[in-house]
Amino acid sequence: MRDDGDFAAYLVARWTPVVRTLVMLGCSPPLAEDIALSAFARLRGAWGSVRDSDDIDVQAYRVVLQEWRRARTRRGPDVDDLVTEASWAELEAILDRLTPEVRATLLLRYVADLSDAQVADVTEAPVAAVREMLAWSEVPDEEVFRDASDSLAVLSPPLDDVRRRARDHRRRRLSIVAGSVVVVALAAGAVTWLATRPAETDTSLTVAPIVRAENPAGVVWFANGQLHLDHVVVELPPLRALLAINGGAVYAAEDGAVVFVADDGARTRLGSKAPGTPLVGSDEQGWVSWSDTSQREPVLVIYDLTSRQRLRAITPADPEHDSATVLVPVAIDQERLYYRAGSASYAVTPDGAPEQLDDGLLDVASATRVFQSGPQQVRMEQSFFSTVTTGVGVGARLSPDGNFVLTRSADERSSYGTVRLYDTRTGDELAPGLTGADVAIGAAFGSDQTVTYIVARAEDRPSADGFVRQSYSGALELRTCSLATGSCAVDAKFPSTGSTPLLAD
């Protein structure tokens, strides 16, 4: 029998502050207890590694915030049904004006009683940014948070319920590998299991084998016919676009099919995508958007993965647009879809009228926006810190917290360009972690303030204009670099077989 002594002690110590934090994040008390129950069940299932980690509280509150975000996706407005005790009505009014990320930062510090450094680790934000939020003039004194927290009554920690839910989680995980199992060796060197059951929930898709394997990198990626999720690998034909969402991924195949892959590898076809257009999505809402061509008239779709239904379809014939324009999704952020129609940019909710924005919108994350402001210049607007900075680059992607932007500048010796990283709060350029001989054929932000690359070795080939480094051969590698320290580590190496590898946005 499992010895739950140290886990039970941690549950007793942390149950009340976890539930109070969730209530003050916007959950009703019953829902806060349910989310906490799921979080502690996950922690119990991985208690060995959690207990041996550098900081148990950091690991625990990361899981709590993940469960909170999932609940917001599943339950929608129910999660924002905040209790209204008079003792903190004024505090509630202030918290309601903040983004969920800023609100979580304040509550982790003052209700969960984590240190500045721990809050930074949980929220994947620099310590300096956390301290700036805490010092913001509109933030109440620490005692206001503590008084409001103390006024919330919390029931005793339900250890037996946590055990039952942990067993349920374990049964669901084991169902992934039901059926015939064989041992195989993957490129990363891990021993895995091949599940022979079909991966599809939609019979229009061909059967794709699923391999049980831990992802060596902190991002979803595709190479050599294999899609690598957190715990499974799915064998697929070449892909043209890839988006990580809801613990799984949405991809676009060569034939344009848009498919959702759940965290256990099960697949569902969602529609078809216009060539050359991106997939965008949001973990917070569980929404994905693409330019859909499955009907006679192309439409821009907002699709809810939780309810498995379209929330909205925007057509070029809508009054705001030229009927000949292809609508291209840019980002989903805080329940808004951002998109382009020709040179114009717009933001829209599932039930509202489009709002026109500045031209050249490239990405939006945590209310931070980045624009193409010139042929080789990007403009970064950081809303929380009220800063506007510029950098050299063409195209851009923001980190989930909106604090960093990844772009590329033109390089006459490389068709891929030169990777550039900027801090959107200061405009400072950061070291990308690449050398002059590296070709970054893919780049994406990961967790814990990191960026992951698919790196190839450059080859110089003569041309009429000199030398152009635009080809690569041999082994490719996944390389993850810390934005805080600039240090890098190789996650895995794999051969180049000719098909283009992808990192998920």
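How many disulfides does a search of the whole structure find? The search finds 1 disulfide. Before I describe it, please note that what we are looking at is a predicted model.

Let me begin with that bond. A disulfide is a covalent bond between the sulfur atoms of two cysteines. Here the two partners are Cys481 and Cys488, with an S to S distance of 2.1 Å. The torsion about their S-S bond is about 110 degrees, and the disulfide is therefore right-handed. The two cysteines can also be described by their accessibility. Cys481 has a relative accessible area of 3%, under the 20% limit, so it is buried. Cys488, at 35% relative accessibility, counts as partly exposed.

I turn now to the nonpolar interior. The largest nonpolar core has 54 residues. Those with the most contacts inside this core are Leu22, Met24, Phe40, Tyr61, Leu108 and Phe145. Which helix gives the largest share of this core? That is helix α1, residues 5-25, which contributes 11 residues. Leu22 offers a view of the packing: leaving aside residues up to four places away in sequence, Leu22 touches Cys27, Ala32, Ile35, Ala36, Val64 and Trp68. One of these partners, Cys27, has a relative accessible area of 0% and is buried. Apart from the largest core lies another core, of 20 residues, including Leu205, Ala208, Phe222 and Leu229.

Next, I would draw your attention to a sheet. Strands of a sheet pair through backbone hydrogen bonds, either parallel or antiparallel. The sheet in question is open and has 4 strands, in the order β11-β12-β13-β14, with antiparallel pairing. Its edge strands are β11, at 280-282, and β14, at 309-314, each of which pairs on one side only. On average, and ignoring direction, neighbouring strands of this sheet are turned by 20 degrees against each other. At the β11 edge, 3 bridges join that strand to β12, residues 287-292, and the two run antiparallel. Within this pairing, Val280 stands opposite Ser289 in β12.

The last topic is charge. The structure holds 15 salt bridges, and I shall present several of them.

In the first example, Arg14 forms a salt bridge with Asp57, and their closest N and O atoms are 3.0 Å apart. Arg14 lies in helix α1 and Asp57 in helix α4, residues 56-75, so the pair ties together parts that are 43 residues apart in sequence. Are these two residues buried or exposed? Both Arg14 and Asp57 are buried.

Another salt bridge joins Arg240 to Glu254, with the closest N and O atoms 2.4 Å apart. Arg240 belongs to strand β7, residues 239-245, whereas Glu254 sits in the loop between β8 (248-253) and β9 (257-261), 14 residues apart. Arg240 has a relative accessible area of 49% and is partly exposed.

A further salt bridge connects Asp363 with Arg397, where the closest N and O atoms are 3.8 Å apart. Asp363 lies in strand β19, residues 361-365, and Arg397 in strand β23, residues 394-398, so this pair ties together parts that are 34 residues apart in sequence. Asp363 is buried, with a relative accessible area of 3%, while Arg397, at 32% relative accessibility, counts as partly exposed.

Finally, which residues are linked with Asp116 in a network of salt bridges? They are Arg109 and Arg131.

Thank you for your attention.

Methods:
Residues numbered from 1 in each chain as written. Predicted model: local features only at pLDDT ≥ 70, side-chain atom pairs only at ≥ 80, totals over all residues. Heavy atoms only, no water. Disulfide = S-S within 2.5 Å. Buried < 20%, exposed > 50% of the residue type's maximum accessible area, 1.4 Å probe, protein only. Core = buried A, V, L, I, M, F, W, Y, C linked by side-chain atoms within 4.5 Å. Contact = heavy atoms within 4.5 Å. Pairing = 2+ DSSP bridges. Axes fitted to C-alpha atoms, helices over the stretch in contact; angles between N-to-C directions. Salt bridge = Lys/Arg side-chain N within 4 Å of Asp/Glu carboxyl O.
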